[in-house]
Amino acid sequence: MIEHHVSEDLLLEYAAGGLDEASSLLVAAHLALCPPCRAVVSEAEAMGGALLEGEQPEAMSEGSVNRVLERVAQRSAEPADRARTLGRSDRSAGANLPQPLRGYVADTLSRRGWRRVAPGLRQLVLGTSSGSTTARLFHLAPGTRIPVHSHRGLELTLVLQGAYHDECGTYARGDVAQLDDSITHQPIVSQSSECVTLSVTHAPLRFRSLAVRMIQPLIGL
Ligand code: ZN
Ligand code: ZN
């Protein structure tokens, strides 16, 4: 069961076409795994369409998005998708990747491979044209600890395989962490399996450790 969703604000911005390419990609990948959020976006798009056609749409009152979320959550069973894993053999092409990601990953892998950032941590920067906003896949070994950091601007993380936990909770396949510069955290990958995430950052991270800050330009985080 997905417990951490994309915020309503971000879903509505996505529906209105207002997000940069990297953030849109992450939201689209979450939607592919999350029927409740898909329903919110469809509803928002239908309302947008009605507005364009000059109809009088039912007002989206305070809490109506919540009601849609609850309604759909009651109806929809979790797809079996969540139990499958992005195994060693298909990690490169990603048979288990949400559909919106597949083209980006295949296209990137045709030009460059995964890059080792640190022990237990590899990354694949995806080709999204979003200025300072970067979308990348992280591949983390079981038990990997990311150094303590905060953020400059929004950091979005979607878990594609495995799980990690931090000060905010536990995140597994389909879960989204939406963090801003008020949050300092240390993600730790669960011991039971490798973890693959899609991360979108709008500026370099702010690491607490001086040693990490010194090598930061080299590792590109
Ligand atoms: Zn969702
Ligand atoms: Zn972070």
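# A walk through a predicted zinc-binding model

This protein is built from six helices and eleven strands. Keep in mind as you look around that the model is predicted. Of the 221 residues in the protein, 44% are buried. Now consider the contacts between residues with a separation of 6 or more: 67% of them join residues 24 or more positions apart. You will meet some of these partners from distant parts of the sequence along the way.

Let us start with a pair of helices. Helix 2 covers residues 21-33, and helix 3 covers residues 35-52. They pack at an angle of about 115°, and their axes are 6 Å apart. Their crossing is left-handed. Which residues of the two helices meet? On the side of helix 2 you will find His30, Leu31, Ala32 and Leu33, and on the side of helix 3 you will find Pro35, Cys37, Arg38 and Val41. Sorted by chemical character, the residues of this contact come to six nonpolar, one polar and one charged.

Stay in helix 3 for a moment and look for Ser42. Is Ser42 buried, partly exposed or exposed? Its relative accessible area is 42%, and because partly exposed covers the range between 20% and 50%, Ser42 is partly exposed. Leu12 sits 30 residues from Ser42 in sequence, and the C-alpha atoms of the two are 9.9 Å apart in space.

Next, find the zinc ion, which is ligand 2. Which protein atoms are its donors? Three histidines each offer their NE2 atom, namely His149, His151 and His185, while Glu155 appears twice with an OE atom. These donors lie 2.0 to 2.6 Å from the zinc ion. Along the chain, their spacing reads H-x1-H-x3-E-x29-H. Two of the donor residues can be checked for burial, where the cut-off is under 20% relative accessible area. His149 has a value of 2%, so His149 is buried. Glu155 has a relative accessibility of 7%, so Glu155 counts as buried too.

Glu155 also leads us to another residue, since Gln178 touches Glu155. Gln178 lies in strand 8, which spans residues 176-179. Leaving out residues up to four places away in sequence, Gln178 touches His5, Val6, Ser7, Leu10, Leu154, Glu155 and Leu156. One of these, Leu154, is 24 residues from Gln178 in sequence, with 7.0 Å between their C-alpha atoms. With a relative accessible area of 28%, Gln178 is partly exposed.

Now turn to the aromatic rings. The structure holds one aromatic pair. Tyr164 and Tyr171 form this pair, with their ring centres 5.2 Å apart and 15° between the planes. Why does the pair count as stacked? Planes under 30 degrees apart count as stacked, and these planes are 15° apart. Tyr164 is buried, at 6% relative accessibility. Tyr171 is buried as well, at 4%.

Our last stop is Gln191, in the loop between strand 9 (188-189) and strand 10 (195-201). Is Gln191 buried or exposed? Its relative accessible area is 65%, and since a residue over 50% counts as exposed, Gln191 is exposed. Setting aside its neighbours within four places in sequence, Gln191 is in contact with Pro142 and Gly143. The C-alpha atoms of Gln191 and Ala163 are separated by 8.9 Å, and the two residues are 28 residues apart along the chain.

Conventions. Residues numbered from 1 in each chain as written. Chains lettered and ligands numbered in written order. Predicted model: local features only at pLDDT ≥ 70, side-chain atom pairs only at ≥ 80, totals over all residues. Heavy atoms only, no water. Axes fitted to C-alpha atoms, helices over the stretch in contact; angles between N-to-C directions. Helix = DSSP H or I, 4+ residues; strand = E, 2+ residues; numbered from the N terminus. Left-handed = near helix turned anticlockwise from the far one by under 90°. Contact = heavy atoms within 4.5 Å. Nonpolar A, V, L, I, M, F, W, Y, C, P; charged D, E, K, R; others polar. Donors = N, O, S within 2.8 Å, 3.2 Å for Na, K, Ca; no water. Buried < 20%, exposed > 50% of the residue type's maximum accessible area, 1.4 Å probe, protein only. Phe/Tyr/Trp six-rings, centres within 6.5 Å; stacked < 30°, edge-to-face > 60°.
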